[in-house]
Structure formats: C-alpha cells, structure tokens
Amino acid sequence: MTLARTGRLDAFGTTIFAEMSALAVATGSVNLGQGFPDTDGPAEVLESAVAAIRDGRGNQYPPGPGIPELRQAVADHQRHWYGMEFDADAEVLVTVGATEAIAAALLGLTEPGDEVVVFEPYYDSYAACIALAGVQHRSVTLRPDAGRWSFDPDELAAAITSRTRLILLNTPHNPTGTVFTRAELQVVADLAVEHDLIVVTDEVYEHLIFDGEHIPLATIAGMADRTVTISSAGKTFSVTGWKVGWVCARPRLLHRIRQVKQFLTYVGSGPFQYAVVTGLQLPRQYFADIADRLRSQRDLLVDGLAGLGYDVLRPQATYFATVDLGRDAEAWCRALPVQAGVVAIPSKVFYDSDIDRYARFAFCKRPDVLAEALLRLEKVAR
C-alpha cells in the first residue's frame with residue numbers, strides 16, 4: 001500500500017500538551033502546563049451525573065442534537081446572562097466539547113480555498129481544524145498593551161481578503177487571558193458586516209473573568225444572524241473530562257454545523273448532559289464564587305512569579321498567566337522540568353509568527369500545588 005505523499009495534519013505531530021504532560025510524569029514535576037483543575041466540580045452537578053447513570057438516562061444514544069432539557073437550559077442561560085434569544089429546538093446543538101463544535105463549524109461553514117482569520121496566539125486545535133477543512137488561515141497578532149493584550153484594527157482589516165469566509169474569535173482568550181472590550185468587538189463586527197463574514201466565537205471561559213466583562217459578539221448590532229456562539233461546561237463546572245459543549249446560531253448556520261457533527265461523533269456524553277442541566281441552573285452565586293476562587297489562585301501564582309523576578313502579564317480571565325522571558329522560551333520550558341520540577345507550556349506553539357519569548361502557566365490548581373511550584377521555581381529565579 002502506498003500512502004499519500006502528504007496529509008493535512010502532517011505538520012502538527014503530537015500536541016504540546018501530551019508531550020509536556022508526559023514529561024511531567026517522567027520527572028515528577030508539578031504540572032502547570034495543561035489547563036485542567038485538580039479539584040472536582042460542585043457536588044450537586046456530580047451527583048446529577050451519578051443519578052442519570054443509575055436511572056438509565058443517557059446510557060444509550062441521546063438525541064442527535066442533544067437532550068431537549070440541555071438545549072433548553074442553554075437557551076435559558078443565554079437569555080438569563082446576556083439577553084440573547086435562541087430557539088432550543090432550531091438554534092441550539094449539543095456537541096462533544098467546544099473542540100468538536102469548532103471543528104464542525106469550520107468544516108460546515110467553509111469550502112476548500114476559503115480563508116479563516118484567527119487571532120494569535122491561538123489554541124492549537126484551531127489551526128488543525130482549519131487544516132482539516134482544507135482552508136487557509138491568516139493570523140492577526142495580539143500584543144501586550146497597557147497591561148493587557150490587544151490587536152491593531154488595521155492589521156485585522158488587512159488580513160481580510162476576497163477569500164475570507166469567517167473570523168474565529170476566542171474571548172475570554174486562551175492563552176493570554178485577555179477579555180475583548182466592546183470597542184474591540186465593534187471593530188470585528190464592523191468588518192464582518194462590511195465583508196459579509198461569519199464569526200465563530202469560542203467563549204468557554206465566559207464565567208471565569210476577574211477583570212472586565214464578557215460581551216458575546218452576537219449581542220453587537222448586526223451580528224446575531226452571522227455569529228456562531230460556542231461554549232461548554234468543562235471550564236465553568238470544573239469537569240473538563242465530561243466533554244459537553246454547545247453551539248448557538250441561527251438555523252441557516254446551525255443546519256450546516258449539525259450536518260457535520262452527526263458524522264463526527266453523532267452523539268456523546270449522555271448522562272453528563274443531564275448533569276450539565278443541573279449546573280446551568282445553579283444560582284448566580286456559584287458563578288461568582290468560582291471566579292473569585294480562581295482570581296485568588298491567579299493572584300497567588302502571578303504575585304509569586306513576580307516576586308521571583310519574572311515579568312508576568314496578569315490575565316483578566318481564564319486559567320492561564322503568561323510570563324515574558326525575553327528569550328528562548330521553548331528551550332526554557334523543556335529544561336524546566338529537569339531543573340526545577342515544574343512544567344509550563346512554551347507559547348511559541350500558539351503562534352504562526354516567529355515569537356518565542358512567552359511561557360504559559362496554568363493556575364487552575366489547588367493553592368498548595370501552586371505554592372509548591374513557586375518553591376521549586378526559586379531554583380531558576382531570574
């Protein structure tokens with residue numbers, strides 16, 4: 001058998017997260033690389049999953065679009081938090097995490113030869129999903145500016161060509177932790193309307209904000225009919241292994257995404273879908289409490305790193321903080337587990353540009369774990 005000379009994913013290899021997590025195990029390191037909490041989510045949500053399994057709900061194939069209860073809970077969530085109206089039957093689709101939702105959106109809404117605009121640094125699956133769709137991506141770089149990360153509107157405008165089909169936007173943003181402002185979103189919206197573009201938004205960190213406000217792009221004038229809004233339960237409820245995500249979009253867009261999704265996983269996460277209904281119905285205080293807890297963990301890590309002499313960019317949201325090393329961050333991160341027993345991710349893997357000065361640390365860990373990591377990092381303090 002002769003294989004094709006090239007494959008669409010030949011350039012990607014093993015993800016950096018798998019590589020660095022394996023290195024963490026091999027060296028006994030504190031793993032601040034991969035973004036998953038080391039504590040479980042709220043007890044009532046966990047018990048809801050157990051009850052669903054015991055009661056036989058979701059142990060077999062759930063409905064293709066997701067269970068009706070979850071689709072309605074998602075629609076209610078969007079109305080409650082943002083004033084957005086979605087028909088639970090025609091405009092909400094449950095997916096196997098946000099990653100599948102993004103893949104299905106890119107595969108369903110683009111054609112080979114199209115272009116997608118992304119903001120770099122970007123989560124590594126974006127480029128892989130774009131490549132699977134047989135389209136090209138053009139990057140617009142976020143840069144530190146007055147204590148947060150932002151983009152140049154002229155660079156975004158220049159990245160759009162006659163072949164551009166959609167913009168892929170992540171806010172709150174991984175890995176920088178920035179929260180796009182209303183003015184920044186307006187720039188995106190104006191260009192989308194001007195060039196008749198679709199915008200796919202990854203909003204999985206929507207409730208993990210410490211400074212600023214999450215504004216869904218779909219709430220900006222002119223964007224409701226051209227925005228695909230994606231989120232998930234994993235980050236909000238500290239259940240990243242459950243892989244329950246969702247898409248909200250107008251029927252003409254959702255139809256094409258659903259066409260693709262049915263041939264990717266068809267369905268998944270049956271009992272967990274019922275548990276996420278419970279999560280989305282928790283009182284507002286839960287959402288405030290989880291953000292407050294993560295804020296304190298952010299401050300513990302960021303202040304500790306700054307005290308060791310590192311130039312840390314304090315994130316407004318998410319699980320992650322970025323350190324500006326001002327030098328070869330990839331080599332530094334690969335040596336760090338052996339030298340100090342700590343794992344971080346070189347942000348170079350999130351860029352198309354030749355930028356290799358940043359390292360990403362995850363602070364979604366218990367305070368004692370973060371304190372131990374800081375103690376170990378004293379060995380390589382600046």
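**Exercise 1. How many of the eleven residues of helix α9 (residues 270–280) are buried?**

Solution. Start with the ground rules. This is a predicted model: local features need pLDDT of at least 70, side-chain atom pairs count only at pLDDT 80 or more, and totals for chains, interfaces and linings use all residues. Residues are numbered from 1 along each chain as its sequence is written, and side-chain values use heavy atoms, with hydrogens and water left out.

Step 1. Fix the terms. Buried means under 20% relative accessible area, exposed over 50%, and partly exposed in between (1.4 Å probe, protein chains only). Helices (H or I, at least four residues) and strands (E, at least two) are DSSP runs, numbered from the N terminus.

Step 2. Count. Nine of the eleven residues of α9 are buried, and the helix is mostly covered.

Step 3. Name them. The buried residues are Gly270, Pro271, Gln273, Tyr274, Ala275, Val276, Val277, Gly279 and Leu280.

Step 4. Find the cover. It includes the helices α2 (43–54), α3 (68–82) and α10 (284–307), along with the strands β2 (92–95) and β10. Contact here means heavy atoms within 4.5 Å.

**Exercise 2. Place Trp242 and list what it touches.**

Solution. Step 1. Trp242 sits in the loop between β9 (227–232) and β10 (245–248).

Step 2. Check its exposure. Trp242 has a relative accessible area of 13%, so it is buried.

Step 3. List its contacts, leaving out residues up to four places away in sequence. Trp242 touches Val45, Leu46, Ala49, Ser269, Phe272, Ala275 and Val276. Ala275 and Val276 are also among the buried residues of α9.

Step 4. Compare sequence with space. Trp242 and Thr95 are 147 residues apart in sequence, yet 11 Å apart in space, C-alpha to C-alpha.

**Exercise 3. Describe the surroundings of Thr95.**

Solution. Step 1. Thr95 belongs to strand β2. Its relative accessibility is 4%, so it counts as buried.

Step 2. Again leave out residues up to four places away. Thr95 then touches Glu100, Ala101, Lys243, Val244, Gly245, Trp246, Val247 and Lys261.

Step 3. Link Thr95 to helix α9. Gln273 is one of the buried residues of α9. The C-alpha atoms of Thr95 and Gln273 are separated by 9.9 Å, with their positions 178 residues apart along the chain.

**Exercise 4. Which peptide bonds and phi angles deserve a second look?**

Solution. Step 1. Recall the background. Most residues other than glycine have a negative phi, and most peptide bonds are trans.

Step 2. Take the prolines. Thr171 and Pro172 are joined by a cis peptide bond, with omega about -5 degrees. The bond from Asn174 to Pro175 is cis as well, with omega near 20 degrees. Pro172 is in the loop between β7 (164–170) and α7 (182–195). Pro175 is placed in the loop between β7 and α7 too.

Step 3. Take the positive phi values. Asp196, which is not a glycine, has phi near 55 degrees. Asp196 is in the loop between α7 and β8 (198–202), and at 54% relative accessibility it counts as exposed. Lys243, also not a glycine, has a positive phi of about 55 degrees. Lys243 lies in the loop between β9 and β10 and is partly exposed, at 33%.

**Exercise 5. Why is Cys248 in no disulfide?**

Solution. Step 1. Apply the cut-off. A disulfide is a pair of cysteine sulfur atoms within 2.5 Å. The structure holds zero disulfides.

Step 2. Check Cys248. Its closest cysteine sulfur, in Cys129, is 19 Å away, too far for a bond. Cys248 is buried, with 0% relative accessible area.

Step 3. Check Cys333. It is in no disulfide, and the nearest cysteine sulfur, that of Cys364, is 16 Å away. Cys333 is buried, with a relative accessible area of 0%.

**Exercise 6. Summarise the chain as a whole.**

Solution. Step 1. The chain has twelve helices and 15 strands. Its radius of gyration is 20 Å, close to the 21 Å that the globule rule gives for 382 residues, so the chain is as compact as a globular protein of that length. The radius is taken over C-alpha atoms, and the rule is 2.2 Å times the number of residues to the power 0.38.

Step 2. Buried residues make up 57% of the 382 residues.

Step 3. Among contacts between residues at least 6 apart in sequence, 76% join residues at least 24 apart.
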